[in-house]
Number of protein chains: 4
Amino acid sequence: MPKETFNNLPEEKKNFIIQIAIDEFYEYGFEKSSISRIVEMSGIAKGSFYQYFEGKEDLFRFIMTMASEKKLEYLSDLMSNLNNLDIFRLLRALFLGSLVFQKDNPKLSGLTDGFLKNANSKLKEIIMGDSIKNSNLFLENLLLQDIARNEIRSDLNISFTAHLITGVAVSLSDYMRDRFDDMEKLDEKMYEDLVDESIKLLKEGIEQKPQTCNGCAC
Amino acid sequence: MPKETFNNLPEEKKNFIIQIAIDEFYEYGFEKSSISRIVEMSGIAKGSFYQYFEGKEDLFRFIMTMASEKKLEYLSDLMSNLNNLDIFRLLRALFLGSLVFQKDNPKLSGLTDGFLKNANSKLKEIIMGDSIKNSNLFLENLLLQDIARNEIRSDLNISFTAHLITGVAVSLSDYMRDRFDDMEKLDEKMYEDLVDESIKLLKEGIEQKPQTCNGCAC
Amino acid sequence: MPKETFNNLPEEKKNFIIQIAIDEFYEYGFEKSSISRIVEMSGIAKGSFYQYFEGKEDLFRFIMTMASEKKLEYLSDLMSNLNNLDIFRLLRALFLGSLVFQKDNPKLSGLTDGFLKNANSKLKEIIMGDSIKNSNLFLENLLLQDIARNEIRSDLNISFTAHLITGVAVSLSDYMRDRFDDMEKLDEKMYEDLVDESIKLLKEGIEQKPQTCNGCAC
Amino acid sequence: MPKETFNNLPEEKKNFIIQIAIDEFYEYGFEKSSISRIVEMSGIAKGSFYQYFEGKEDLFRFIMTMASEKKLEYLSDLMSNLNNLDIFRLLRALFLGSLVFQKDNPKLSGLTDGFLKNANSKLKEIIMGDSIKNSNLFLENLLLQDIARNEIRSDLNISFTAHLITGVAVSLSDYMRDRFDDMEKLDEKMYEDLVDESIKLLKEGIEQKPQTCNGCAC
DNA sequence: AATGAATGAGATTTCATTCAT
DNA sequence: CATGAATGAAATCTCATTCAT
């Protein structure tokens, strides 16, 4: 984590450095990104950088943690209003929140998503620690609760289903990122539609169901 | 792509070099993997390497292409027998085939998956070229065909649904990789179950459907 | 030499800083020792350090000078009582005094000895100035005086012999330091024996002398 | 130790690099000496240096080992002719040999001596390993043998006396180095005298012995 | 075709010292 | 007087690539 010296910096300068770092990591990934470039772009001295951070990894860890926290903040605000919703409404809110976050913080969002998906990164475990496990646990608990409520199928493999739901969420983010370089152009309607589509897939699947006896007398 | 000199090598030597390269890329990722290490492990001279390949990127592109082709081979053998199946049976066969491929080529499979998921890589577009688009096009065509056959919902956003299906497939692979370091230990029953679960999710969703009028007279 | 500001500090703080500096120089030597570490351990600000001392070299010179003075103090107390002793008794007292000093100030003593022995150090001359020359002059005068008294051989190369005596003294210190990490454990008997052995070597050499005519009438 | 690549270099180039390195280490000591300076002076590329050596420590270790071996060669040539001499004649030959070596290799000699005397160097043990212990063992065995032959005093503390003898040898070297910047100017007579003086000190001490009954009848 | 030494730009990091507050 | 952020030169080391043999 950054040293005290970094926290003591004027907010403006701090944010500037952070933004430069996000850009660098987003552009080049962790390995290829360069502290030299970061300090040059930031207009700070190399020595100063090392008075702010332990090193490259420290900076990266900080950026990733900050991203997670920022996202969590986004989502937990949402979720505070959403107790006792069924899982589909909850997921809808979470997916929507994620996309809003993504729209507001496109590089940061891309950075964390990309990092999380990079299966080979030795750093993943070190840096993200238990946050992934926790996220999966959260989903698993939701699933269990809704099974108890008889709202979802009881024959589900819980851990696997949680994993698939995460996969769908990530796919949704990817799709947005791929389609729209400039997220500004997106109107809310468009991504609400995609979220609804994702939720519907999770809820009902894509099969054309046989006509259920509607309007009959049974 | 490799130079003529590489193709002229004895098959055995070629395969040895390829295997070393796969190991290296799997272990370290593209950026951190080292040509020096590869030539040392391979027992070939540095100069020789540059007579076989243009450079690191060329080697990587070659490995990735080879992986795609190998996987496609696997799958197209399957698919030649599967005309006119509905999309769920087809996907089931494809998913199953993918897992078998993954079991037989764990590093190669992990390598391609990981690379595909790394959204920020400048190399992705250059190296994978149209193969992703093609894969999506294939799925989209399947979806269109089954909508026509009235087998799946007609209100789907085709391109997005194709994207989500790919996401589910990737999640399935991930889940297997995470759970089972040594894929050898997996018996077919286990991954058949997971495949079926994935297909069921795609088909029916996870919702507990209301009792359809069973045994009634309608 | 330290600036006025350092002298104005409370004695306690001064001694604390000095102790930290001795530890640092003893542990890492001059080149590798770090002002950053010293100020951190001392709990003073970097800027303060540079208000106390000109820089690293100034601090080092100060510590070394202080060490010499402290040692000289030790020894001159001894020597005030030792006028008109022959050189061997005098050296015995000096060697013994040095070892006591070494026992009481192990790091300080190791620091000065080590520094003096480091022949290549550009700093040696600058920092120790004439103190080595003076020490040699003192010995040379002793030798001259005892030659006059007919107590030692008259065929000695004075300056070289003085140098060798210093060498023996240093060897004695080394031997103690090497053998006994924790000087506390040494009882006085042990180092008195070593001192006597050193003095005897200087006095008589190590040769087995032929029996001198004892009890005969010549 | 240097890599194969260094050994494969033309002898001339190898020696040139070695000489540059000796100069650098002699001038600046291990810590302050700079690989950058060495490669610049040598006219080789930085990368080349790291293809020849593992790093700075590797180079230093190599130089020190080489120095020891070279000196040992010098001395063992001498010693092959000196079996069964008493310890004083043997030491005389060794001291004389060391000075000749020192005259022919002033920097190399100064480098090893200085390094050996630097008590604080963490590297000392790592780099010189058992060679110091072995040298002391050699002396101790000589002493034991000559005690058995009744040629030296039997009341000596063997290990301490060996240590003192080494100290005298080192003092001798120092004295030469200090006095004569340009060792070329030394004629053999001068250092033979100093060696003899050192040996005499070890043998007889510096005391003026009482007249032994000469020519009397006892 | 094979070899492997040579290259040098670029990476991260350290640290004594300065200086504005 | 105290503070500690700013500085930037210099350090060690890496590595893909070239090229003469």
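Visitor: What share of the 218 residues of chain A counts as buried?
Guide: The share is 47%. Buried means under 20% relative accessible area, exposed means over 50%, and partly exposed lies in between (1.4 Å probe, protein chains only).

Visitor: What kind of model is this?
Guide: This is a predicted model: local features need pLDDT of at least 70, side-chain atom pairs count only at pLDDT 80 or more, and totals for chains, interfaces and linings use all residues. Residues are numbered from 1 along each chain as its sequence is written, chains are lettered from A and ligands numbered from 1 in the order in which they are written, and side-chain values use heavy atoms, with hydrogens and water left out.

Visitor: How many helices and strands does chain A have?
Guide: Chain A has eleven helices and zero strands. Helices (H or I, at least four residues) and strands (E, at least two) are DSSP runs, numbered from the N terminus.

Visitor: Why is A:Ser42 called buried?
Guide: Its relative accessible area is 11%. The limit is under 20%, so A:Ser42 counts as buried. A:Ser42 lies in helix H3 of chain A.

Visitor: What does A:Ser42 touch, beyond residues up to four places away in sequence?
Guide: A:Ser42 touches A:Phe16, A:Ile17 and A:Ile20. A contact means heavy atoms within 4.5 Å.

Visitor: What about C:Lys200: buried, partly exposed or exposed?
Guide: The value for C:Lys200 is 29% relative accessible area. That falls between the two limits, so C:Lys200 is partly exposed. C:Lys200 sits in helix H11 of chain C. Leaving aside neighbours within four places in sequence, C:Lys200 is in contact with C:Gly205, D:Arg153 and D:Asp155.

Visitor: What makes D:Phe53 and D:Phe62 an aromatic pair?
Guide: A pair of aromatic rings is described by the distance of the centres and the angle of the planes. Rings of Phe, Tyr and Trp (its six-membered ring) pair if their centres lie within 6.5 Å; planes under 30 degrees apart are stacked, over 60 edge-to-face, and the rest tilted. The centres of D:Phe53 and D:Phe62 are 6.0 Å apart, with 45° between the planes. The distance is within the limit and the angle is neither under 30 nor over 60 degrees, so the pair is tilted. D:Phe53 and D:Phe62 are both buried.

Visitor: How many aromatic pairs are there over all chains?
Guide: The count comes to 44. In chain A, A:Phe6, A:Phe49, A:Tyr50, A:Tyr52, A:Phe53 and A:Phe62 form one aromatic cluster.

Visitor: What makes a set of residues a nonpolar core?
Guide: The members are buried Ala, Val, Leu, Ile, Met, Phe, Trp, Tyr and Cys residues, joined through side-chain atoms within 4.5 Å. The largest such core has 66 residues, and C:Leu91, C:Phe95, D:Leu91 and D:Phe95 have the most contacts inside it. A second, separate core of 65 residues includes B:Phe160, B:Val168, B:Ile199 and B:Leu202.

Visitor: What does D:Leu91 touch, not counting residues up to four places away in sequence?
Guide: D:Leu91 touches D:Leu139, D:Ile165, D:Ile199 and D:Leu202.

Visitor: How many residues surround DNA strand F?
Guide: The number is 35, and the closest are A:Thr5, A:Gly47, A:Tyr52, C:Gly47 and D:Ser36. A residue is near a strand if one of its heavy atoms lies within 4 Å of it. Of the strand F atoms within 4 Å of the protein, 58% belong to sugar or phosphate and the rest to bases.

Visitor: What classes of residue make up the surface near DNA strand F?
Guide: That surface has nine nonpolar, 20 polar and six charged residues. Ala, Val, Leu, Ile, Met, Phe, Trp, Tyr, Cys and Pro count as nonpolar, Asp, Glu, Lys and Arg as charged, and the others, Gly among them, as polar. The largest share of the surface, five residues, comes from H4(C).

Visitor: Why does A:Lys13 have a polar contact with DNA strand F?
Guide: A polar contact is a pair of N or O atoms within 3.5 Å; within protein, one must be able to donate a hydrogen and the other to accept it, and residues adjacent in sequence count only if both atoms are side-chain atoms. A side-chain N or O atom of A:Lys13 is 2.8 Å from a phosphate oxygen of strand F. That is within 3.5 Å, so the pair counts.

Visitor: Which part of D:Lys56 lies 3.4 Å from a phosphate oxygen of DNA strand F?
Guide: A backbone N or O atom of D:Lys56 does. For DNA strand E, a backbone N or O atom of A:Lys56 is 3.4 Å from a phosphate oxygen. Both values are within 3.5 Å, so both pairs are polar contacts.

Visitor: Which residues come nearest to DNA strand E?
Guide: Of the 35 around it, B:Thr5, B:Gly47, D:Thr5, D:Gly47 and D:Tyr52 do. By class, the surface near strand E has nine nonpolar, 19 polar and seven charged residues.
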